[in-house]
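Please open the structure in your viewer and keep the sequence panel beside it, so that each selection can be followed in both places. The tour moves from one stop to the next, and at each stop you select a few residues and read what is there.

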Amino acid sequence: LNDTLTYQRLSIDEASLAIYENRERLDKWLSDHKQELNKQEWKYVNHHVSQVNDPMPYFYLLMKVHKTPLKTRPIVSLSGSLFH
């Protein structure tokens, strides 16, 4: 996590801006491609996008207990996020 070439810590303002921009992109995509989706597909996607409470994915470390010394694997869970 200390590798600044791979990971970047965002401030609250930067994260909020990213959330806003991503939601705008998704709304634009839905608007631009509404004709390509049938009514049921568009309704499904639009409904689930509107139900997102926490738009950001979660980052956590999974312990590799079978390794010596103990190591971790970084996990980014998109489940429930805006792009899930």
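The structure, which is a predicted model, holds one aromatic pair. To see this pair, select tyrosine 7 and phenylalanine 59 and show their side chains: the ring centres lie 6.0 Å apart and the ring planes stand at 70°, and because planes over 60 degrees apart count as edge-to-face, that is the name given to the pair. In general, a pair of aromatic rings is described by the distance of the centres and the angle of the planes.

Now look at where the two partners sit along the chain. Tyrosine 7 belongs to the segment before helix 1 (12-32), whereas phenylalanine 59 is part of strand 1 (residues 58-64), so the pair links distant parts of the chain, 52 residues apart. Are these two residues buried, exposed or partly exposed? Tyrosine 7 has a relative accessibility of 32% and counts as partly exposed, and phenylalanine 59, with a relative accessible area of 37%, is partly exposed as well.

**The two strands**

From phenylalanine 59, extend the selection to strand 1 and then add strand 2 (residues 71-77), which runs antiparallel to strand 1 and is joined to it by seven bridges. Two of the partnerships can be picked out by residue: leucine 62 has arginine 73 in strand 2 as its bridge partner, and lysine 64 is matched with lysine 71 in strand 2. In a regular strand the side chains alternate between the two faces of the sheet.

Next, follow the chain from strand 1 into strand 2, where a hairpin of six residues makes the connection. Select proline 69, which is placed in the loop between these two strands, and look at the peptide bond that leads from threonine 68 to proline 69, since this bond is cis, with omega near 0°.

**Beyond strand 2**

Continue to leucine 78, which lies in the segment after strand 2 and, at 44% relative accessibility, counts as partly exposed. If you draw a distance from its C-alpha atom to that of proline 55, which is 23 residues away along the chain, the separation is 9.0 Å.

In the segment after strand 2 you will also find phenylalanine 83, whose relative accessible area of 48% makes this residue partly exposed. Between the C-alpha atoms of phenylalanine 83 and glutamine 8 there are 20 Å in space, and the two residues are 75 apart in sequence.

**A pocket to explore**

Which residues line the second largest pocket? Select Leu26, Tyr44, Val45, His48, Val49, Val52, Gly80, Ser81, Leu82, Phe83 and His84, and the lining will be displayed. The pocket holds about 220 Å³ of space, and helix 2 (residues 39-50) gives the largest share of its lining, with four residues. By residue type, the lining divides into seven nonpolar and four polar residues, with no charged ones. Rolling a probe the size of a water molecule over the atoms shows where empty space is left.

While leucine 82 is still selected, add arginine 23: the C-alpha atoms of these two residues are separated by 7.5 Å, although their positions lie 59 residues apart along the chain. Arginine 23 is found in helix 1 and is partly exposed, with a relative accessible area of 25%.

**A charge over a ring**

For the last stop, select lysine 34 and tryptophan 42, and turn the view until you look down on the ring of tryptophan 42, where the charged end of lysine 34 sits over the ring, 4.2 Å from its centre. Lysine 34 is located in the loop between helix 1 and helix 2 and, at 42% relative accessibility, counts as partly exposed. From lysine 34 to phenylalanine 83 the C-alpha distance is 17 Å, with 49 residues separating them in sequence.

Conventions: Residues are numbered from 1 along each chain as its sequence is written. This is a predicted model: local features need pLDDT of at least 70, side-chain atom pairs count only at pLDDT 80 or more; totals for chains, interfaces and linings use all residues. Side-chain values use heavy atoms; hydrogens and water are left out. On a 1 Å grid over the protein atoms alone, a cavity is a set of points where a 1.4 Å probe fits but cannot get out, and a pocket is an open set with protein on both sides within 12 Å along at least five of seven lines; lining residues have an atom within 4 Å of a point. Grid points are joined across faces, edges and corners, and a volume is the space filled by probe spheres set on the points. Ala, Val, Leu, Ile, Met, Phe, Trp, Tyr, Cys and Pro count as nonpolar, Asp, Glu, Lys and Arg as charged, and the others, Gly among them, as polar. Rings of Phe, Tyr and Trp (its six-membered ring) pair if their centres lie within 6.5 Å; planes under 30 degrees apart count as stacked, over 60 as edge-to-face and the rest as tilted. Buried means under 20% relative accessible area, exposed over 50%, partly exposed in between (1.4 Å probe, protein chains only). A charge sits over a ring if NZ of Lys or CZ of Arg is within 6 Å of the ring centre and within 35 degrees of the ring normal. Two strands pair if DSSP finds at least two bridges between them.
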